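Here are a few exercises to help you find your way around. Have a look at the sequence and the structure, then try each task before reading its solution.

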Amino acid sequence: MHPFELIRAIDVTEAIQGAAESSTAQQGVQVRFVGGGTTLIDLMKLNVEKPQKVIDINGLPLDKVEVLPDGGLKIGAVVRNSDLAHHAAVVRDYPVLSQALLSGASAQLRNMATTGGNLLQRTRCVYFRDTTMPCNKREPGTGCSAIGGFNRTLAILGTSEHCIASNPSDMSVALTALEATIHIQGTKGERSVPIDEFFLLPGDTPHRETVVEPGELITFVTLPPPSVGSKSIYLKLRDRASYEFALASAAVIANVQQDRITRIRIALGGVGTKPWRSLEAETALDGKTANEEHFRAAAEAALRDARPQSQNGFKVELAKRCLVRALKLATRTA
Amino acid sequence: MSREKVCKVKTEPEETPSFGHVSRRAFLSRLGATGAAAAASPLLGLAQTQVKQEQAETSVKVVGAISITLLVNGRQHQAQIDPRATLLDCLRETLHLTGTKKGCDHGQCGACTVHINGRRINSCLTFAAMHQGDEITTIEGIGQPGNLHPVQAAFVEHDGYQCGYCTSGQIMSAVALLNEPCGPANADVQELMSGNICRCGAYRNIIAAIQEVRQEAKQGVTNASI
């Protein structure tokens, strides 16, 4: 591991100023914030991350979950994944988020990982994690080893000729379906970014994964008030029953009145280069009767633009079946 | 926050060999050194010269070393560490609390599980310097021979191990699980123990041990309320 200076920040402004020295907030960053450390320290051990300065943000007052006056939720950036998953308001009003969090990692890692850190977690693409191999995300311009290589677990949506790395987060998929807003504070002030705009597609700059700029710190995530009468579900399919990343997952939030879908939100995980909101599937279902034929049509629409690689063609059908199953569960009237 | 850029670290005096009092660690490290020397015999001359030069100095400068205080198992420990030291390496190599094991070193196996303020975490994925002021509990703080924690006693009774390497991590996870939201079924326990890998495959016995302790705790509460 490369040497670095460790600083414990006690207020947000100080943390931001410390990080503003960096020339980028993306891959190759010189100053990193550390929350749970579960991604960062792992990648520092592999020399994928080589920050010269690490700012510990665990002492910042960003560790609360608050119900907002409008009924929405405000989640601090260093709230632990386990605390968020078991928070009464999340369990009651946003079960899709609780389920997604509890389907990710292990109990130990959930006790460490933070809300902000989970949003920024890096791909599990083996070539990104192996500094002896070319990787455009890790070292721009070196090429993509995964195209034509080991790509069984990688993305089929949102890929480019430069990168096919999948986003590994479960939490972010639920937050995408919930239309969360990411609140960022930087040297120039605060800004709020809808989650779907927070993540960037790889295009020809796969080393840029989010809109975060040098010195910017995720401070909060807010959720709109829960959709009254909705039912939500996170369904995750993987190689093992537990403690494994998704091959395909679906977050669905549905309102059904007399068998008719009146409101639907859909996001897919494990298949996209970013948490994948499917407006196509939502449009296909809006106002339709909740039945298998319509679910299947929505799944076809969601995966229409899928571009499978040499080893992950199975994900196309897997993701469709995952979404159909999730839609059945979310629209089932008890 | 005060940070010392440069500090002195005294080299430890060489261990005097004594029969019957050689620790397992000392024995293994000597064995390793002998093996390495035998394998690298053409380079031995050079290696010996380097070792002599290093030993000639009474202290070495460690640039960037920091001074920290950790509260482990109710005891304060002061140490000079490299900021890169994970909590796991600090516990084992600096504080010599070797009950916590290093398996994968990447948060995938759970052998390094310890408690921070009563919650279980992977000590390999956190820097020691981030835990000043925290209450750290390792397997050494859970129970002792003759005074085992109920989870430890249940692991013995149910044979919850074979080689034992993952056991301290399994026990630390299981002890924390007792205070976490967890359903009654074996499947619920399996899900919450999935972050602890046992390559010997003692899972059935581990689950049986944990379920027995949970049953007993439940009965204890019921009896107390009567």
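**Getting started with chain B**

Buried residues (20 or more other C-beta atoms, placed from the backbone, within 10 Å of their own) make up 33% of the 226 residues in chain B. Keep in mind that this is a predicted model, where local features need pLDDT of at least 70, side-chain atom pairs count only at pLDDT 80 or more, and totals for chains, interfaces and linings use all residues. Residues are numbered from 1 along each chain as its sequence is written, while chains are lettered from A and ligands numbered from 1 in the order in which they are written.

**Exercise 1. List the helices and strands of chain B in order.**

Step 1: go by DSSP runs, numbered from the N terminus, with at least four residues (H or I) for a helix and at least two (E) for a strand. Step 2: count them, and you get seven helices and seven strands. Step 3: read from the N terminus, and the order is β-α-α-β-β-β-α-β-β-β-α-α-α-α.

**Exercise 2. Work out how the two domains of chain B meet.**

Step 1: find the domains, whose bounds come from an automatic or database domain assignment. Domain 1 covers 66-141 and domain 2 covers 150-219. Step 2: their centres, taken over C-alpha atoms, are 22 Å apart. Step 3: look for contacts (C-beta atoms, placed from the backbone, within 7 Å). Here 14 residues of domain 1 of chain B touch 11 residues of domain 2 of chain B. Step 4: on the domain 1 side, strands E5 (113-116) and E6 (119-122) of chain B each give two or more residues, and E5(B) gives the most, with three.

**Exercise 3. Describe the side of chain B that touches chain A.**

Step 1: 25 residues of chain B are in contact with 22 residues of chain A. Step 2: E6 and helix H6 (186-192) of chain B each supply two or more residues to that side of chain B. Step 3: E6(B) has the largest share, four residues.

**Exercise 4. How do H11(A) and H12(A) cross?**

Step 1: take the axes (lines fitted to C-alpha atoms over the stretch in contact, with angles from 0 to 180 degrees between N-to-C directions). For H11 (residues 292-302) and H12 (residues 314-331) of chain A, the axes come within 9 Å and cross at roughly 140°. Step 2: angles under 35 degrees count as roughly parallel, over 145 as roughly antiparallel, 65 to 115 as roughly perpendicular and the rest as oblique, so H11(A) and H12(A) are oblique to each other.

Technical notes: Buried ≥ 20, exposed ≤ 12 C-beta atoms within 10 Å, placed from the backbone.
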